[in-house]
Amino acid sequence: MANYNLRINGKNYEVDVEDDTPLLWVLRDHLGLVGTKYSCGIAQCGACTVHINGEATFSCTIPISSVGSDKVTTIEGLSENADHPVQKAWKEVDVAQCGYCQAGQIMNAAAFLKKNPKPSLEEIDNAMNRNICRCGTYHKIREAVALAAKTK
Amino acid sequence: MADITKTNRRDFLKIAATATGGLFIGFYWSSCDSPKMKVLSTEEVLSKAHNFNSFLSISPDGDVVIYSPNPELGQNIKTSFPMVVAEELDADWSKVRVLQAPLDNDKFDRQLTGGSGAMPHSWERLRKAGATARHLLLTAAANQLEVDMASLSTEKGMIYHKASGKKLTYGEVVMAASELEAPEEVLLKDPKDFTIIGTPIKNVDNDDMFTGKPLFGLDFYREGMLHAMIQRPPFGMKIKSVDDASARSVSGVTDVIQYDNFVAIVGTSTWPLMKAKRRLKVEYESDGNVESTFDHDKIMKELLDSKDARVMRQDGNVDEAFKNAAKVITSEYQCPFLPHAPMEPMNFFAHVKGEEVELIGPTQTPDAARMQTAQLLGIPKENITVDITRLGGGFGRRLRADYVLDAVEVSRRVNAPVKVTWSREDDMTGGAYRPAVRYRFSAALDAAGNMIGFKLRGVGLNAGNSVRQDNFPSGAVPNLLIENINYNSSVTTNAWRAPITNFLAYAEQSFLDEVALEAQKDPVKFRLDLLEQAKSSPTGSVNYDVDRMIGVIKDAAERSNWGKNSNVKQGFSVYFSHRSYVAQVANIEMINNQPVLKKIVASTDCGIVVNPTGANHQVRGGIVDGMGHAMFGNLVFENGLPKQKNFDSYRLIRMKEVPEIDVNYVDSGFDPTGLGEPALPPTGGAIANAIFAATGRRLRSQPFLEQKEFSDLNLEIRRG
């Protein structure tokens with residue numbers, strides 16, 4: 001066990017966990033930030049996507065020992081009042097079915113649009129291809145990312 | 001009640017009593033409420049509310065709380081049920097809030113998500129619930145205003161007396177209304193007067209889902225709760241020995257318990273359990289059939305020739321028809337076992353407190369979870385409460401309560417509240433799959449190309465009845481024989497979205513395409529001719545609505561410009577399941593000599609469309625689901641275990657692999673007839689038939705990707 005000081009959503013947290021504990025489980029089990037989801041645990045599905053220094057990252061395979069002073073943003077910290085353009089677009093387009101993967105989808109889309117504010121539809125498809133939606137909301141995800149890009 | 005209220009540090013659950021003493025549990029996000037928002041909390045609303053019936057409460061402030069009894073797994077029932085109540089109530093939707101109701105056999109009926117049955121089952125009672133409340137409010141208003149009730153009208157939570165210009169809010173008369181006797185009969189609206197039903201009302205959980213609030217079972221935590229993971233045996237094996245020394249040494253692991261054929265690892269958080277599970281050494285020995293896919297293939301092929309098939313339906317004289325046939329066509333189709341693989345793995349919370357049990361989590365059938373818990377513990381079911389969280393997908397997997405019982409078993413053994421979490425690997429290898437099935441179809445054609453005989457024999461591995469003997473084309477063929485053979489495998493199976501028909505429809509619609517081509521008939525015309533036959537001279541019972549099926553066939557053909565563009569190679573498919581009708585056309589264009597799947601056109605008759613957004617989700621989602629599994633889904637067994645254990649080897653369809661999907665509804669005027677499943681079955685057939693039209697290659701097994709006919713096709717999928 002070791003002590004880690006983390007910077008998450010603009011706040012400081014201190015946790016005492018094993019070095020190899022993935023960031024995902026620190027967020028969920030130790031900090032109560034359960035918006036970041038567990039689904040595959042092997043960086044394949046994107047449900048656990050968070051931002052580390054602004055980069056969309058699979059938190060399920062990032063050991064806490066490697067996070068250091070990096071700035072972590074989770075779905076809970078994406079915006080103050082659920083008003084990030086991507087969140088607004090997700091509501092407007094009514095993207096979700098079961099909703100389990102959507103926090104990861106939103107985090108991926110938000111990081112992508114920051115880098116590429118005016119993407120083509122093909123670029124959207126490429127960027128969002130790393131997140132699985134088992135319900136098959138892909139058409140709506142694409143529509144929402146496109147909407148967020150226009151309304152930024 | 002009190003002891004549940006102060007459950008945990010983050011206020012996951014609060015309980016509120018209604019004025020009439022009804023008890024409801026709601027997700028209450030006090031820690032998340034923005035201080036700037038002056039919105040009454042759900043608890044505040046409920047504390048002032050009058051509980052008119054099982055479905056809704058109305059407060060003196062006019063706030064309406066509608067309870068959604070059925071588990072929500074993405075089928076949008078938590079939004080569409082309340083829409084139906086609000087419609088008949090004439091509520092102001094902006095003042096409606098929706099709560100997931102807990103399991104309550106007294107208040108609710110069929111609290112189950114399965115069989116696309118919730119809306120067809122509850123449609124009328126939901127409407128009555130809203131209409132009854134409206135009637136009581138109107139009665140109270142008429143008394144107060146001293147006018148005839150018939151002179152009053154309602155709109156968006158207001159009652160108007162047009163003659164005098166007087167108006168009252170629902171909140172103003174709710175106290176008086178709650179004193180009145182409910183009428184036995186109420187008038188329901190004419191569907192043409194609907195103002196909420198048929199409009200794209202947004203998902204009621206959007207804000208919570210898109211900000212990461214704890215909605216799902218896996219998000220449930222409670223102070224003092226322990227975590228557990230379960231090591232399960234391969235199929236057909238039992239535990240020989242367990243060496244848990246290394247597992248126990250992992251920091252955060254508090255206990256390792258062996259019971260029956262399972263080993264539970266218990267600890268204070270999830271990650272140590274995942275580590276410990278890898279260190280756990282369990283030796284297994286055979287306990288029956290330790291099967292492989294190699295065995296399964298052999299068994300299914302052999303059993304297709306068995307003399308012991310069970311006759312499920314027999315019309316006319318099949319032997320005679322085949323003897324006299326000008327042409328006989330026979331083909332075999334096969335599908336593998338498939339896991340449900342919902343994004344949220346199986347999990348459940350249980351707290352066994354002596355003779356009482358608290359259950360919280362994602363289940364499609366809370367009643368079964370309770371019954372099985374009662375049986376396991378030998379206690380009355382009344383001692384068990386079940387709260388239903390949102391489900392991160394289900395697809396039928398959560399109709400089974402095995403993972404609920406995991407939590408119950410561990411909780412009673414460690415005498416503490418326990419959340420059991422299955423890892424993705426546990427979820428994928430833990431069984432209850434879509435059964436593997438092999439079919440043999442035969443058709444007899446006369447010299448004019450009429451199908452005078454039809455035979456279907458299905459062999460399923462724990463599939464029960466794999467043939468659905470009364471589905472189309474039964475009723476449309478004068479001589480018909482449908483037989484079933486079930487093999488008891490050690491691999492466990494369960495309902496999987498559109499049970500049986502998720503594969504049978506593909507096989508049947510592909511085979512009918514083969515027959516139509518042999519008969520030298522257009523595939524659409526061929527089906528319409530059969531349906532005409534079922535209508536004008538039916539053979540035996542016809543268990544589908546011929547006109548509704550014709551309706552979607554014609555609509556899909558028309559909107560897809562069926563057969564009118566020689567550059568587009570098309571595949572047709574139509575299926576009736578779960579009371580609804582869906583026809584689909586897949587369009588493949590040859591671009592630079594390469595087939596490109598560009599579009600699927602779907603035409604659906606599900607009766608009245610309650611929520612167009614939700615309906616589009618179900619149709620598109622069903623098609624994406626059907627397409628993904630037809631193309632990629634495979635579970636290969638070796639020594640009683642699937643080789644695919646996670647999403648690296650078990651391929652799920654992704655963003656770039658979905659074509660454009662065009663969705664339309666045929667307005668037949670029927671009450672809603674189910675939509676969670678019916679769009680999935682036709683998809684595999686439409687795609688396979690389009691691939692045949694484009695390339696001349698017939699795909700008779702799934703997944704397509706692993707068939708030699710498909711491997712060098714380089715089928716591209718492109719939107720737009």
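Two strands are taken to pair if DSSP finds at least two bridges between them. In the predicted model described here, 7 strands of chain B form an open sheet on this basis, with mixed pairing. The order of the strands is β12-β13-β10-β20-β17-β18-β19. The edges of the sheet are held by β12 (253-259) and β19 (384-388) of chain B, each of which has a single partner strand, so one side of each is left without a neighbour in the sheet. From one strand to the next, the twist averages 20°.

At the β19 edge, strand β18 (residues 356-361) of chain B pairs with β19(B) in the parallel sense, over 5 bridges. Within this pair, B:I384 of β19(B) is the bridge partner of B:V357. Two helices are also in contact with strands of the sheet. Helix α8(B) packs on the sheet and touches β10 (226-231), β12, β13 (262-267) and β20 (418-421) of chain B. The direction of α8(B) makes about 25° with that of β10(B). Helix α12 (residues 402-414) of chain B lies across β10, β12, β13, β17 (347-353), β18 and β20 of chain B, and runs at about 35° to β17(B).

The division of chain B into domains gives domain 1 (2-211), domain 2 (217-288 + 346-421) and domain 3 (304-324 + 433-717). Between domain 1 and domain 3 of chain B, 18 residues of the former are in contact with 20 residues of the latter. On the domain 1 side, the elements that give two or more residues are α3 (77-89) and α4 (118-145) of chain B. The largest share of that side, 4 residues, comes from α3(B). The residues on the domain 1 side comprise 9 nonpolar, 9 polar and no charged.

A UniProt record, an unreviewed entry, lists residues 211-288 of chain B as "domain: Aldehyde oxidase/xanthine dehydrogenase a/b hammerhead". In the model, this span is 19% helix and 41% strand, and its end C-alpha atoms lie 49 Å apart.

Chain A is divided into domain 1 (2-77) and domain 2 (85-151). The centres of these two domains of chain A, taken over C-alpha atoms, are separated by 21 Å. Their contact takes 14 residues from domain 1 of chain A and 13 residues from domain 2 of chain A. On the domain 1 side, β3 (49-52) and β4 (55-58) of chain A each supply at least two residues. Strand β3(A) gives the most to that side, with 3 residues. By residue class, the domain 1 side divides into 6 nonpolar, 6 polar and 2 charged.

The contact between the chains takes 48 residues from chain A and 49 residues from chain B. Elements giving two or more residues to the chain B side are α6 (206-211), α8 (270-279) and α17 (612-631) of chain B. Of that side, the largest share, 6 residues, comes from α17(B). The chain B side divides into 18 nonpolar, 17 polar and 14 charged residues. Helix α8(B) thus appears both on the side of chain B that touches chain A and packed on the sheet.

For the complex, the predictor gives an ipTM of 0.98 and a pTM of 0.94. Chain B has a mean pLDDT of 91, and 92% of its residues reach 70 or more. Over residues 1-40 of chain B, however, pLDDT stays under 50. For this stretch the model has 67 contacts beyond four places in sequence.

Definitions and conventions. Residues are numbered from 1 along each chain as its sequence is written. Chains are lettered from A and ligands numbered from 1 in the order in which they are written. This is a predicted model: local features need pLDDT of at least 70, side-chain atom pairs count only at pLDDT 80 or more; totals for chains, interfaces and linings use all residues. Two residues are in contact if their C-beta atoms, placed from the backbone, lie within 7 Å. Ala, Val, Leu, Ile, Met, Phe, Trp, Tyr, Cys and Pro count as nonpolar, Asp, Glu, Lys and Arg as charged, and the others, Gly among them, as polar. Domain bounds come from an automatic or database domain assignment. pLDDT is the predictor's confidence in each residue, from 0 to 100. UniProt positions are given in the numbering used here, feature names are shortened, and annotations may be inferred rather than shown by experiment. Axes are lines fitted to C-alpha atoms, for helices over the stretch in contact, and angles run from 0 to 180 degrees between N-to-C directions.
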